[in-house]
Amino acid sequence: METWQLRAQFAAALSRMYGAEVPAYDTLVAVSAEVNADHVQRHPQAERLGSLARVTAERHGAIRVGSAEELTDVADLFSAFGMYPVGFYDLRTAASPVPVVSTAFRPIDPDELARNPFRVFTSMLATADPRFFNPDLRSRVETFLSRRRLFAPDLISTARRIAAEGGCPTDEAAGFVAAAVASFALSGEPIDRGWYEELSAVSAVAADIAGVRSTHINHLTPRVLDIDALQQAMTDRGITMIDAIQGPPAVAGPKVLLRQTSFRALAEPRRFRDADGSVSEGTLRVRFGEVEQRGVALTPLGRERYDAAMAESDPAATWHRHFPADDAQMCADGLAYYHRDDPTRPVVYEDFLPASAAGIFRSNLDRDTPATGGPDETQYSRQWMADRIGHHIHDPYELYEKVACS
Ligand code: OOG
Ligand code: NI
C-alpha cells in the first residue's frame, strides 16, 4: 500500500467515525453532494476548479494539540499518509485572537492532491504567551500535557517507518489506519470538571485542548462548488448556520481563495468527574459542521489586493476596484496562479485563511476571555515550529509557483 492509498483509507475511516459521532455531519455531506451535482449540471465550466468526484470526496479535518512534542507526533504520524506541514498561521494576531499557532498537513504535489487531497488543519496551544497564560497556569497546563500521551509510541514509530519506505505491506495497512483513526476519537473518559472549568474561564480553546487527556477531530469539512447554495439548502432544512460566510464575498468574477461557513457546535454528552470522585453526565459544545468552497490561489500581489479589498466597509460592493472580472486578466496582472500546461485552468487554493480560521474558532465559542494586551514576546514562528517538530514547513507560495505559469 502506497502512502496515498493509506491517506485515502485514513480520510474515509475518519469520515465514518465522525459521522457516527456527529450525525449532523452526515447531513452536511449529503447536502454538499446534492449541491455539487446540481451545480455541475448547471455550470459546465465548474469542474475547472476540480472534478465533481474529487470535490465531492474532498475533506479537511481540524485537530488541536497542546505542545510542540505532541505536534511532532502528529507530523510523524501524518508523514505516513504523505501529508506534510504547509504554512504557519498565527491566530493570536487575528482580529479576534485565539491562543494557538497552526499549520496544515496536506499532500504537496499535484499528482498526490489529485489522488486524494485530504488535509488536516492542526493547532498548537500557545502556552508560552503570557498574554493568555500567567506563569502559574502555564506551568500547570504544561505539567498536565507532559503527563498525557495522545499517540501510542509504536504507532508513531510505525508511521516513521512507513514514511521512510513510502508505504507498507497490505496486511499491515488496515491495522495501522485503524490505530491512527482511533487516536482521534472522542474519549469517553470522564473529564475533571474543576480543571476543565478553570481552563474554560481563561479560554474555551485552552479547555478543549488541555482540559482532557486526548485529542479529537474537531470538525471534518466537505467541499462544495457553491457555498451560497449550500448555506440556503441547510437553512431550508432548519439548520442554523453562522451569520456570515467567512472569507471573500460572493462575486461574479473569478472566485478566489476560500469561503467557509459552519453550523454551530452541538451539545454532545460527556462524562465529568467532580472533586469528590463522583461521575456525572453533562454536555459540551465543541464540535461543529463546517463546509467550504475553494477558488483560485492568489499570488503575494493578489493577496495584498485581497487584504485591501477585505478592509473596505462593504467588500462585495467595491470588489471590482481591486480585482478584474475574468481569469485572463487575473493571470495577466499577476494576481492569481494558473496552470503552466493549461493557462486557462486556475490553480486551486489548497490552504487556509487565518482570519477565517479565527472567525470559525470564535463563532463556536460560547464566550472567550480576551487576552491581556502587550507585545508578542514569544518565539513562535514558522521556523520555530519547523525546528521543534523536525520537519520542513513548506511555503504555500513556493508550492503554487511550481505548477503555475509566470
Ligand atoms: C480550526 C479552525 C480553522 C479552518 O477551516 O479554517 C479551520 C479549529 O477549529 O481547530 O479548520
Ligand atoms: Ni476547518
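This is a short dialogue on reading the two ligand sites in a predicted model.

Visitor: Let's begin with ligand 1. Which residues surround ligand 1?

Guide: Start by listing the neighbours. Here the shell consists of H60, A62, R64, F121, N218, H219, Q260, F288, E290, F352, A357 and F361. Sorted by class, six are nonpolar, four polar and two charged.

Visitor: Which side chains have an N or O atom at 2.7 or 2.8 Å from an oxygen atom of ligand 1?

Guide: Look for polar pairs. R64 places a side-chain N or O atom 2.7 Å from a ligand 1 oxygen, and a polar side-chain atom of Q260 is also 2.7 Å from an oxygen of ligand 1. For H219, the distance is 2.8 Å. As for cover, ligand 1 taken alone exposes 320 Å², and the protein buries 100% of that.

Visitor: And which elements give two or more residues to that shell?

Guide: They are β1 (59–65) and α15 (354–363). The largest share, three residues, comes from β1. The space that ligand 1 takes is the largest cavity.

Visitor: Now the metal. What coordinates the nickel ion, ligand 2?

Guide: With a metal, look for the donor atoms and their distances. The nickel ion is coordinated by H60 (NE2), H219 (NE2) and E290 (OE), at 2.0 to 2.2 Å. Along the sequence, these donors follow the spacing H-x158-H-x70-E.

Visitor: Why does the pair H60 and E290 tie together parts that are far along the chain, 230 residues apart in sequence?

Guide: Check which element holds each donor. H60 lies in strand β1 and E290 in strand β10 (residues 289–294), so the pair links parts 230 residues apart in sequence.

Conventions:
Residues are numbered from 1 along each chain as its sequence is written. Chains are lettered from A and ligands numbered from 1 in the order in which they are written. This is a predicted model: local features need pLDDT of at least 70, side-chain atom pairs count only at pLDDT 80 or more; totals for chains, interfaces and linings use all residues. Side-chain values use heavy atoms; hydrogens and water are left out. A residue is near a molecule or strand if one of its heavy atoms lies within 4 Å of it. A polar contact is a pair of N or O atoms within 3.5 Å; within protein, one must be able to donate a hydrogen and the other to accept it, and residues adjacent in sequence count only if both atoms are side-chain atoms. Accessible areas come from the Shrake-Rupley method with a 1.4 Å probe; for residues, only the protein chains shown count as cover. On a 1 Å grid over the protein atoms alone, a cavity is a set of points where a 1.4 Å probe fits but cannot get out, and a pocket is an open set with protein on both sides within 12 Å along at least five of seven lines; lining residues have an atom within 4 Å of a point. A molecule sits in a cavity or pocket if more than half of its atoms lie within 2 Å of its grid points. Helices (H or I, at least four residues) and strands (E, at least two) are DSSP runs, numbered from the N terminus. Ala, Val, Leu, Ile, Met, Phe, Trp, Tyr, Cys and Pro count as nonpolar, Asp, Glu, Lys and Arg as charged, and the others, Gly among them, as polar. Donors are N, O and S atoms within 2.8 Å of the metal (3.2 Å for Na, K and Ca); water is not among the atoms, so sites may look incomplete.
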